[in-house]
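Student: Before we look at the structure, could we go through the reasoning behind its labels, setting each value against the cut-off that it has to meet?

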Amino acid sequence: MQIEELGWNSFFQDHFVKLENQNLIPARVAREDKNLYLIYTEKGEMIATVSGRFRYNAIDYGNFPAVGDWVAVKTREEEGKATIHSLLPRKSKFSRKVAGFKTEEQVLASNIDTVFLVSGLDENFNLRRIERHMTIAWDSGATPVIILNKTDLCDDVDSKVEMVGASFLGVTVLAMSAVKNEGLTQLQVYMTHGNTSVFLGSSGVGKSTIINGLLGDDRFKTGEVRESDSKGRHTTTHREMIFIPTGGIVIDTPGMRELQLWTVDEGIENIFGDIEDLTSACRFSDCSHIHEPGCAIQEAIDCGRLNIKRFNSYLRLQEETKKLTLRQDDKAFLRDKKKRNKQISMMSKKLKKMDKNGYL
Ligand code: GDP
Ligand code: ZN
């Protein structure tokens, strides 16, 4: 396989040449499992681990290779193994913030060009959910494309497409039916040579069906693949990097599938879906649900349809979400401060040297 087919381009090439190490070749991470990486190189598939120095320098979880990353490796072809020496900068990334003593980042997929936000046009259709997924998409740096699937279950496809299009100006909206095999060709534009995409959307919206449709005759590849482990037993593994016959690459990791569950907002939606629905009926979109006129929440509480205790727990959870977000910002601030301090100390060293040599 040519390296360009794996998604290599001038962006990565420019960074790779800066490493100035002729013993290294580029490789793309296709899968990660307990610190072992399955990588694709021009020389084929290999199993890799990070070098001791890499591990030492990584510090943060987010600096370790993730699926989709480009890395520089030294190969031991006879063994089919390689050592990862550096991680090339990421063009885009999807990550999860792991909250704990300190907030850490876990990268779920990287170097994605296109992110398809899939929704079903059935009774679960929810514009707010698309909004949340859109936030994830913009944060990632990949270009979002909205897919409204299951057109066969909807009578007013055109008005839905129009409504969604009006809500997300400038974002392409595609309507299709994966089971009826209708509208799939619209996706082919994105499934080109080396273009990497991911599918984001709640469970059951049809992501697997769409990917299978794109694979055509190769459809079995999305399913579980049986492989033998070292003891000769059969274990099932899941392909996380899928090659579409027309040239596109789809990354489909368990982590990406669960991404929406991890975003705290979505958690609120799952537990307090009824309250979220009510808030959309408030007269003001930024209603605080305390004193505004036309507040659907207050009305529901007044007429006994909504329990005030439940509403208070909802507010509490929202408060916690806000705190968590603040803590994450905190970390970014600290990191920047460290960087700034380093720059300042480097600058002052330089100045001292210049002073000593009589240039000042
Ligand atoms: P995923 O969880 O997003 O991967 O969703 P799946 O691809 O597993 O699909 C969930 C269910 O929706 C399956 O029963 C599919 O057959 C069905 N489905 C997928 N696409 C369509 C569609 O376009 N129309 C209808 N009616 N059902 C669909
Ligand atoms: Zn309100």
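Student: What makes the backbone of Val205 a polar contact of ligand 1?

Tutor: Bearing in mind that this is a predicted model, a backbone N or O atom of Val205 lies 3.4 Å from an oxygen atom of ligand 1; a polar contact is a pair of N or O atoms within 3.5 Å, so this pair qualifies. A backbone N or O atom of Lys207, at 2.8 Å from an oxygen atom of ligand 1, also meets the cut-off, as does a polar side-chain atom of Ser208 at 2.7 Å from an oxygen atom of the ligand. Taken alone, ligand 1 exposes 580 Å², of which the protein buries 72%.

Student: Which helix gives the most residues to the shell around ligand 1?

Tutor: That is helix 6, residues 207-215, with three residues. By class, the shell has four nonpolar, eight polar and four charged residues.

Student: How do you know that strand 1 and strand 2 pair?

Tutor: Pairing requires at least two bridges, and strand 1 (residues 25-33) and strand 2 have five, in the antiparallel sense, so the term applies. One bridge partner in strand 2 is Leu36, which answers to Asp33. In the hairpin of these strands, which has two residues between them, Lys34 takes a positive phi near 45°.

Student: Why is strand 2 called mostly covered?

Tutor: Buried means under 20% relative accessible area, and because five of the six residues in strand 2 (residues 36-41) are buried, the strand is described as mostly covered.

Notes. Residues numbered from 1 in each chain as written. Chains lettered and ligands numbered in written order. Predicted model: local features only at pLDDT ≥ 70, side-chain atom pairs only at ≥ 80, totals over all residues. Heavy atoms only, no water. Buried < 20%, exposed > 50% of the residue type's maximum accessible area, 1.4 Å probe, protein only. Helix = DSSP H or I, 4+ residues; strand = E, 2+ residues; numbered from the N terminus. Polar contact = N/O pair within 3.5 Å; in protein donor to acceptor, adjacent residues only side chain to side chain. Areas by Shrake-Rupley, 256 points an atom, 1.4 Å probe, with all protein chains shown as cover. Nonpolar A, V, L, I, M, F, W, Y, C, P; charged D, E, K, R; others polar.
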